[in-house]
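This report goes through one protein chain, feature by feature. Have the sequence and the structure in view while reading.

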Amino acid sequence: MFHPRRFQEGAISLFWVGIGSAVLAALAMAALFSMRYERNLFAEGAAKAGKMVGASPAGTVIDSAKKAVNEVTGQGDGVMRKCIINGKTVISNTDCTPGNRTSKVIEIHDTKGFEAPKKPPVEKAAPGSNPAIDKIIEKQLR
């Protein structure tokens, strides 16, 4: 017998389509808010999830990889130098050692980046008429 309220088997119901749309809209709103406040909420969430990963067996692998990277990059003395290695100019704080005869210490200057052009100073406009002549005209009109 035909039942008028029978649901179609294997298809996504309108309810689940609505739930999926709401979740997608919430993710889009979170992305827009993070862009507005110059934060990355997704990266912050991943960092929090990464703290939970530290207790798992994968955490030991991640820690050993971080340690290996720190050992390689921590060789320099922190001074930025410019030198020539294998015929190429290199700017580095680790590859350009003080023992390299082509090594020169360079200074790093912090800048403000791009700034809006400054407005020219406002010039005072010349008065439309001479105040002395205006007084004379007022006296004549009385």
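A residue is called exposed when its relative accessible area is over 50%, and buried when that area is under 20%. The model described here is predicted.

## The sheet

Three strands make up an open sheet, in the order E2-E1-E3, with antiparallel pairing. The edge strands are E2 and E3, since each of them pairs on one side only. In general, strands of a sheet pair through backbone hydrogen bonds, and the pairing is either parallel or antiparallel.

E1 and E2 run antiparallel and are joined by five bridges. Two of the residues of E1 can be followed across to E2: isoleucine 85 has lysine 88 as its bridge partner, and cysteine 83 has valine 90. E1 also pairs with E3 in the antiparallel sense, over two bridges. Here lysine 82 stands opposite lysine 104 in E3.

## The turn at asparagine 86

Where does asparagine 86 lie? Its place is in the loop between strand E1, residues 81–85, and strand E2, residues 88–92. These strands form a hairpin with two residues between them. Asparagine 86 has a positive phi of about 55°, although it is not a glycine.

Is asparagine 86 buried or exposed? Its relative accessible area is 77%. The cut-off for exposed is over 50%, so asparagine 86 counts as exposed.

## The disulfide

How many disulfides does a search of the whole structure find? The search finds one. Such a link is a covalent bond between the sulfur atoms of two cysteines. In this model the partners are cysteine 83 and cysteine 96, with their sulfur atoms 2.1 Å apart. The angle about the S-S bond is -75°, and the link is left-handed.

Cysteine 83 lies in strand E1, while cysteine 96 lies in the loop between E2 and strand E3 (104–105), so the disulfide ties together parts that are 13 residues apart in sequence. Both cysteine 83 and cysteine 96 are buried.

## Arginine 81

Arginine 81 is also part of strand E1. Its relative accessible area is 8%. Buried means under 20%, so arginine 81 falls in the buried class.

Which residues is arginine 81 in contact with, leaving aside its neighbours within four places in sequence? Among them are Val90, Ile91 and Ser92. The list also includes Cys96, Thr97 and Pro98, as well as Ser103, Lys104, Val105 and Ile106. Cys96 is the disulfide partner of cysteine 83.

## A nonpolar patch on the surface

Away from the topic of the sheet, there is a nonpolar patch on the surface. The patch is formed by Ile12, Leu14, Phe15, Trp16, Val17, Ile19, Val23, Leu27 and Phe42. Together these residues have about 990 Å² of accessible area.

Which element gives the most to the nonpolar patch? Helix H1, which covers residues 14–36, does so with seven residues. Phenylalanine 15, one of the residues of the patch, has its place in helix H1. The relative accessibility of phenylalanine 15 is 55%, so phenylalanine 15 counts as exposed.

Methods. Residues numbered from 1 in each chain as written. Predicted model: local features only at pLDDT ≥ 70, side-chain atom pairs only at ≥ 80, totals over all residues. Heavy atoms only, no water. Helix = DSSP H or I, 4+ residues; strand = E, 2+ residues; numbered from the N terminus. Buried < 20%, exposed > 50% of the residue type's maximum accessible area, 1.4 Å probe, protein only. Disulfide = S-S within 2.5 Å. Patch = residues over 30% accessible without salt bridge, like charges linked within 9 Å, V, L, I, M, F, W, Y side chains within 5 Å. Areas by Shrake-Rupley, 256 points an atom, 1.4 Å probe, with all protein chains shown as cover. Salt bridge = Lys/Arg side-chain N within 4 Å of Asp/Glu carboxyl O. Pairing = 2+ DSSP bridges. Contact = heavy atoms within 4.5 Å.
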